[in-house]
Amino acid sequence: MTETLLSPTPSDDAGAPAKRLFIKTYGCQMNVYDSERMADVLRPLGYAATDTAEDADFVILNTCHIREKAAEKVYSELGKLRELKDARAKVSRTMTIAVAGCVAQAEGEEIMRRQPAVDLVVGPQAYHQLPELLARTARARGERIGADFAPNEKFDALPAARGVEGFTAFLTVQEGCDKFCTFCVVPYTRGAEWSRPVAAVLAEARDLASRGVREVTLLGQNVNAYDGEGPDGSPSNLAKLAYALAEIPGIDRIRYTTSHPNDMSDDLIAAHGALEALMPWLHLPVQSGSDRILRAMNRKHGRQKYLDLIDRIRAARPDIALSGDFIVGFPGETEADFEQTMDLVRRVTYASAFAFMYSPRPGTPAATMAGQVPEATARERLHVLQALLFEQQAAFNASRTGMTIPVLLEKPGRFGAQATGRSPWLQPVHVEDAAPLIGQIVPVRIESGGFKSLGGRLLQQKGV
Ligand code: SAH
Ligand code: SF4
Ligand code: F3S
C-alpha cells in the first residue's frame, strides 16, 4: 500500500548494495514479535538485517517503558547512535534513526527534544507505516507521527508472510490492557484490550507451519483475555483458539504468555488437562502475596483466590511448571507484607520467576502514593526473594534428572554434535549427538539439571 511512496525500489537499482537495517529490541516478547514484523515490512524496500549499528543505514530502537531503567537505556543508546550518525555525515553518508515501541508511544515528543539525531518516532500501533514514514523522513528530517491507531489497522497492513527462521515463533493474538494496575504503564502505551480474529491468527499460524515452525507462543499483554471474533462471528476464547491451532498440521506445541489470574477461565484450565499440544508451562504473575498490597495495586484478585487458582490448574495438569512476576517495594509495603509474598512463593513453588524492584512511572497512580519504600529496603527484599526463586528454579531443574522427556531440537549446541532444544517446561536442553535431528521432537533422557539448563542424550542411545 504505502510502499509506492518510496522509489526507486532496490530492484530498479540493480547492483546497488542492499540497505542495511539494525533493530535493537528491549522489553517483552511482544516487542520481539514487533521487531520481526518491522523487518518484514521493510524487507520489500530492500532492507536486509545486519548485526551492528555501525554498518546500518537504518537503525530502529524498539523500546520498553515498563521501568525507569528500561526507558533510560534508550537515551544512552541514542547518544551512541548520534556519534555514529555524525561520523557518517562526515563521509557524506546518512543514517536514519527511529525509536519504536512503548517509549515512543509514551514520550515521543520528549525523545525528539532530548535527542535531535532521532529522525522518526513510531508507536506500537503504527509500525506498518514505516515505509511511508521513511519516505517522508527522506524529504523532511524530524518528521514525527502520532500513534493513535487501532491494532487492527496494523495487522491488516502487515505482509501476510513472515520471514521467520527456525522451529519456534511468537504470534501476537491480543494486545493492550484494560486492567490498570496502579504501577503499570502498559494500558497507556499499548492501549485498550483488543484481540485479533481467529481466522487471522490461524492464517498466520498456517503460514508459520508451512515454513517449518512447530511451536508457537501466543502473545498478548493479557493473552488469556483473548476474545477474538470466531468463525460464527461471536467472540471466541483462548481455549478454543488453542484447540483450533492444534489442528494445524505441523503445529505440535502451543504456549501463551502473559496471563492475568482473573482471566484464567475454566475452559482454559480444562484445556491444560486435555490438549496435548498445550505445553505444561504457565506464566501467571501475582505481583505480591499481600492482600493489602494487591488492593493498592488494583490487581482485583486476592492472595487466596490466586492460591486456589493454582490448585485448580495443578489438579488439571499436575506436572505444570509455574512462572510469575513479583514487585517488591511497592508504596506502603511493610516487612509483614513482604513476608506474605515470601510465604506465597513457598506455597506455590515456581519453576522460574522474575522479581523486580518497584519503579515509579510518571502518570501512573502508584507514583504519587504515600509510603514510597526506600531503595535500600526494596533492594534488600529483592535479594531475599530472588534467592528463594533461584533455589526453587534450581530444585525444579534438578528434579528433571532421570526423566525421559520430549525435546524440540532447535539449533546446534556448543560442543561436537550436540543440539539444543526446549523441554515442555521451557528450559533449554543440550542433547548429545543429536545435531542431525534438529527440527524434530525427540525423546531425551535427562542426565543433568543445572540452574539454567538441562543436559541429556537421545533415548535410543541409552547404554551406548
Ligand atoms: N501483563 C502482565 C505483565 C506486564 S509487565 C501482567 O499483568 O502480569 C511485566 C512485569 O513487569 C509485570 O508483571 C510487573 O511485575 C513488572 N512491572 C510492571 N510495572 C512495573 C513497575 N512500575 N515497577 C516494577 N516492575 C514493574
Ligand atoms: Fe500492567 Fe496490570 Fe495490565 Fe499487566 S494487567 S499489563 S501489570 S496493568
Ligand atoms: Fe515494555 Fe511495552 Fe512490553 S512497556 S514490557 S515493551 S508492552
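Which backbone nitrogen does the side chain of Asn62 reach? It's that of Gly101, at 3.4 Å, and the same side chain also reaches the backbone oxygen of Asn31, at 3.0 Å. Both are polar contacts, meaning a pair of N or O atoms within 3.5 Å; within protein, one must be able to donate a hydrogen and the other to accept it, and residues adjacent in sequence count only if both atoms are side-chain atoms.

Some housekeeping: this is a predicted model, where local features need pLDDT of at least 70, side-chain atom pairs count only at pLDDT 80 or more, and totals for chains, interfaces and linings use all residues. Residues are numbered from 1 along each chain as its sequence is written, chains are lettered from A and ligands numbered from 1 in the order in which they are written, and side-chain values use heavy atoms, with hydrogens and water left out.

Back to Asn62, which sits in strand S3 (residues 58–63); helices (H or I, at least four residues) and strands (E, at least two) are DSSP runs, numbered from the N terminus. Asn62 is buried, with a relative accessible area of 1%, where buried means under 20%, exposed over 50% and partly exposed in between (1.4 Å probe, protein chains only). Leaving aside residues up to four places away in sequence, Asn62 touches residues including Tyr26, Asp34 and Met38 (contact means heavy atoms within 4.5 Å).

Asn31 turns up again around ligand 3, along with residues including Cys28, Cys64, Cys102 and Arg190; a residue is near a molecule if one of its heavy atoms lies within 4 Å of it.

Now look at ligand 1, which has 15 residues around it, Phe183 and Ser359 being among the closest. A backbone N or O atom of Phe183 lies 2.9 Å from a nitrogen atom of the ligand. On the oxygen side, a side-chain N or O atom of Gln287 is 2.7 Å from an oxygen atom of ligand 1, and a polar side-chain atom of Asp325 also lies 2.7 Å from an oxygen atom of ligand 1. Strands S12 (321–328) and S13 (352–357) are the elements that give two or more residues to this shell.

S12 and S13 also help cover the buried residues of helix H13, as do H12, S17 and S18. H13 (residues 375–398) has 24 residues, and its buried ones include Leu382, Leu385, Leu389 and Phe396. An α-helix has 3.6 residues a turn, so residues three or four places apart point the same way.

For contrast, try Pro249, in the loop between H8 (238–246) and S10 (253–257): Pro249 is exposed, at 73% relative accessible area.

Key: The expected span of a helix is 1.5 Å times one less than its number of residues.
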